[in-house]
Amino acid sequence: MSIGTAPPATSELEATVRRMVDERLAEADRKRTRRKKIALIATKGTLDWAYPPLILASTAASLGWDAGIFFTFYGLNIIHKKKREELAIAPIANPAMPMPVPLPNLLGAIPGMTPFATFMMKRMFRTNGVASIRELTDVAIEAGAKLFPCGMTMQVFGYRADDLLAGCQPVCGAAAFLSYASDADVTLAF
Amino acid sequence: MTTEQNTVATAPARVVDARNVLCPTPIVRLTAAIRELPVGASLRLIATDPGSDADVRAWAVESGHELVEAGRTGGEYHFVVRRTH
């Protein structure tokens, strides 16, 4: 404070501090009471990559959060009526994939290995009580999660709105999803 | 989180069986079942997912419903939760 400037009157200062404290308290209160929100992006169309966003969104919705997933690129297949049934997993270039016997990874290139690995993985999931992708997409919709289909990808891949699950949100683009995600508490991309 | 008042209460009639299913199914079933209860009523949840103890506690914090009891017998987790709103 320069010497020439008179300090503000005590009452004025007090009023300013009081107002600032009130504003902070109101903000903290808003944060505490408002519904939490999770905004996810699903870009992959393989069986393994389909699970995490669906599990997180259906759980978040079960916790009472506002949950949304933007499905773009191959991720769109997860909410495609027909393709969600055909999601696959390729053993090639996936050294972490559990195998009944140790095999050189290159053998994953043999025709039939991808359907075989997919069959094995689905069976492993089923015997352990993991929900299928069909069940999880249905659950996510029932629980109130918002599934946003990317319009750009739909155009490029030649998908029509009625190729997608009925419970999806209207087809949208990046701006609409950003607007949805802008006040999210958790954001993740898969 | 067990309170004396609640341990003496009669066991809830509604039982949600989430044995032999894994995440997120126990939490999804729990949520669906609690929505069918009147406010103030309780249900019992049985699960075998090893993550259920942490998950049901987090579910109670996030959803605002009350976790009345939580216990474990062998590989089974037992919970009593009450719908609060």
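**A loop residue, a helix face and a set of salt bridges**

F73(A) lies in the loop between strand 2 and helix 3 of chain A. The model described here is a predicted one, and this loop residue makes a convenient starting point for a tour of it. The phi angle of F73(A) is near 50°, a positive value in a residue other than glycine. With a relative accessible area of 39%, F73(A) is partly exposed. F73(A) also takes part in a nonpolar surface patch of about 500 Å², to which Y74(A), M152(A), V156(A) and F157(A) contribute as well. Of these patch members, F157(A) sits in helix 5 of chain A, which spans residues 151–157. F157(A) has 31% relative accessibility and therefore counts as partly exposed, since that class begins where the buried class, under 20%, ends and runs up to 50%.

The loop that holds F73(A) is also home to A93(A), found between strand 2 and helix 3 of chain A. A93(A) again has a positive phi in a residue other than glycine, here near 65°. At 66% relative accessibility, A93(A) counts as exposed.

Attention now turns to a helix of chain A with a buried side. Helix 6 of chain A covers residues 174–181, and its buried residues are F177(A), Y180(A) and A181(A). Viewed down the axis of helix 6 of chain A, these buried residues fall within an arc of 90°, so they line one face of the helix. The face turned away from that buried side carries the exposed residues A175(A), L178(A) and S179(A). What lies over the buried residues of helix 6 of chain A? The cover includes four strands of chain A, namely strand 1 (37–42), strand 2 (66–71), strand 3 (146–149) and strand 4 (186–189).

Charged side chains provide the next theme. Over all chains, the count of salt bridges comes to 17. One of them brings together the side chains of D66(A) and K146(A), with an N to O distance of 2.9 Å. This pair links distant parts of the chain, as D66(A) belongs to strand 2 of chain A and K146(A) to strand 3 of chain A, 80 residues apart. Are the two partners buried or partly exposed? D66(A) counts as buried because its relative accessibility is 13%, whereas K146(A), at 24%, counts as partly exposed.

A further salt bridge joins the side chains of E85(A) and R134(A) at 3.4 Å, N to O. Here, too, distant parts of the chain are linked: E85(A) is in the loop between strand 2 and helix 3 (113–127) of chain A, while R134(A) is in helix 4 (residues 133–142) of chain A, 49 residues apart. E85(A) is partly exposed, with a relative accessible area of 34%, and R134(A) is partly exposed with 44%. E85(A) and R134(A) are also members of a network of salt bridges that includes R84(A) and D138(A). Another salt bridge connects the side chains of D162(A) and R160(A), at 3.6 Å from N to O. In this pair D162(A) is partly exposed, with a relative accessible area of 48%, and R160(A) is exposed, with 51%.

Chain B completes the picture. Chain B contains 3 helices and 4 strands, which follow the pattern α-β-α-β-α-β-β along the sequence. Buried residues account for 39% of the 85 residues in chain B. Of the contacts in chain B between residues at least 6 apart in sequence, 66% join residues at least 24 apart. The surface that chain B exposes is about 4400 Å², with carbon and sulfur atoms supplying 53% of it.

Two local features of chain B are worth a look. The peptide bond between C23(B) and P24(B) is cis, with omega about 5°. P24(B) is placed in the loop between strand 1 (14–18) and helix 2 (25–35) of chain B. The second feature concerns S52(B), which is found in helix 3 (residues 52–63) of chain B. S52(B) is buried, with a relative accessible area of 3%. Which backbone oxygen does the side chain of S52(B) reach? The partner is the backbone oxygen of D49(B), at 2.2 Å. Neighbours within four places in sequence aside, S52(B) is in contact with A47(B), Y77(B) and F79(B).

Conventions. Residues numbered from 1 in each chain as written. Chains lettered and ligands numbered in written order. Predicted model: local features only at pLDDT ≥ 70, side-chain atom pairs only at ≥ 80, totals over all residues. Heavy atoms only, no water. Patch = residues over 30% accessible without salt bridge, like charges linked within 9 Å, V, L, I, M, F, W, Y side chains within 5 Å. Areas by Shrake-Rupley, 256 points an atom, 1.4 Å probe, with all protein chains shown as cover. Salt bridge = Lys/Arg side-chain N within 4 Å of Asp/Glu carboxyl O. Helix = DSSP H or I, 4+ residues; strand = E, 2+ residues; numbered from the N terminus. Buried < 20%, exposed > 50% of the residue type's maximum accessible area, 1.4 Å probe, protein only. Contact = heavy atoms within 4.5 Å. Arc of directions from axis to C-beta. Polar contact = N/O pair within 3.5 Å; in protein donor to acceptor, adjacent residues only side chain to side chain.
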